[in-house]
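Here are two short exercises to work through with the model open beside you. Try each task before you read its solution.

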Amino acid sequence: MAAMLPPEEFIVLLDSVLPEIARRLKSSIGLINEKAADKLGSTQIVKILTQDTPEFFMDQGHARVAQLIVLEVFASSEALRPLFTLGIEASSEAQFYTKGDELILNLNNISSDRIQLMNSGIGWFQPDVLKNIITEIILSVLLPNQNGKLRSGVPVSVVKALGFKAAESSLTKDGLVLTPASLWKSSSTVSQ
């Protein structure tokens with residue numbers, strides 16, 4: 001997963017890419033500080049930085065991926081400092097499936113498990129007020145990008161080496177199990 005999802009930065013011109021979310025973010029910030037909400041222009045920017053490599057956890061047959069995210073909201077593309085910076089502990093449900101001899105991971109949903117206010121130019125506030133809109137931003141920006149990178153899958157060469165055409169995956173309490181889906185057809189079969 002480290003090779004496929006390295007730490008990276010996403011910068012989104014929110015009003016152009018996700019106008020409805022931009023409007024709702026402005027409304028949510030207005031509940032915290034009306035003057036700050038009024039500063040949000042049509043070039044408001046959200047910067048999402050993933051920290052480290054996401055961590056993979058298994059528990060009772062369910063897989064989850066946890067990651068640390070820093071999210072900054074800038075009033076405009078010209079702003080040098082963010083209105084605020086949030087630290088987010090997020091997690092997603094991880095689903096595995098196989099396609100031929102590729103093991104593919106897909107992330108579903110995302111939850112902002114903990115949100116911390118790291119820096120604020122609009123005064124101190126309880127970041128949980130923004131939890132729903134922040135989760136929606138991450139779900140709309142980060143998750144599709146990460147799933148696009150994971151879609152290429154990881155070759156499972158042992159599948160072919162063992163003579164199997166494909167494998168199926170399943171989760172147990174303690175791990176991921178690959179089982180043969182079918183055998184290679186013998187080329188020596190005679191047709192009549």
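**Exercise 1: a helix pair**

The axes of helix 2 (residues 19-32) and helix 4 (residues 131-150) come within 10 Å and cross at roughly 155°. This is a predicted model, where local features need pLDDT of at least 70, side-chain atom pairs count only at pLDDT 80 or more, and totals for chains, interfaces and linings use all residues. Residues are numbered from 1 along each chain as its sequence is written, and side-chain values use heavy atoms, leaving out hydrogens and water.

Task: work out how helix 2 and helix 4 are oriented to each other, and which residues meet.

Solution:
- Step 1. Angles run from 0 to 180 degrees between N-to-C directions, with axes fitted to C-alpha atoms over the stretch in contact.
- Step 2. Angles over 145 degrees count as roughly antiparallel, so helix 2 and helix 4 are roughly antiparallel to each other.
- Step 3. On the helix 2 side, I21, R24, L25 and S28 make the contact (heavy atoms within 4.5 Å); their partners in helix 4 are I133, E136, I137 and S140.
- Step 4. Sorted by type, the residues of this contact are 4 nonpolar, 2 polar and 2 charged.

**Exercise 2: unusual backbone angles**

Most residues other than glycine have a negative phi.

Task: find where D52 and N109 lie, and decide whether each is buried or exposed.

Solution:
- Step 1. D52, not a glycine, has a positive phi of about 55° and lies in strand 2 (residues 45-59).
- Step 2. Exposed means over 50% relative accessible area, buried under 20%; D52, at 54% relative accessibility, is therefore exposed.
- Step 3. N109, also not a glycine, has a positive phi of about 50° and sits in strand 5 (residues 102-120).
- Step 4. With a relative accessible area of 54%, N109 is exposed.

Methods. Helices (H or I, at least four residues) and strands (E, at least two) are DSSP runs, numbered from the N terminus. Angles under 35 degrees count as roughly parallel, over 145 as roughly antiparallel, 65 to 115 as roughly perpendicular and the rest as oblique. Ala, Val, Leu, Ile, Met, Phe, Trp, Tyr, Cys and Pro count as nonpolar, Asp, Glu, Lys and Arg as charged, and the others, Gly among them, as polar. Buried means under 20% relative accessible area, exposed over 50%, partly exposed in between (1.4 Å probe, protein chains only).
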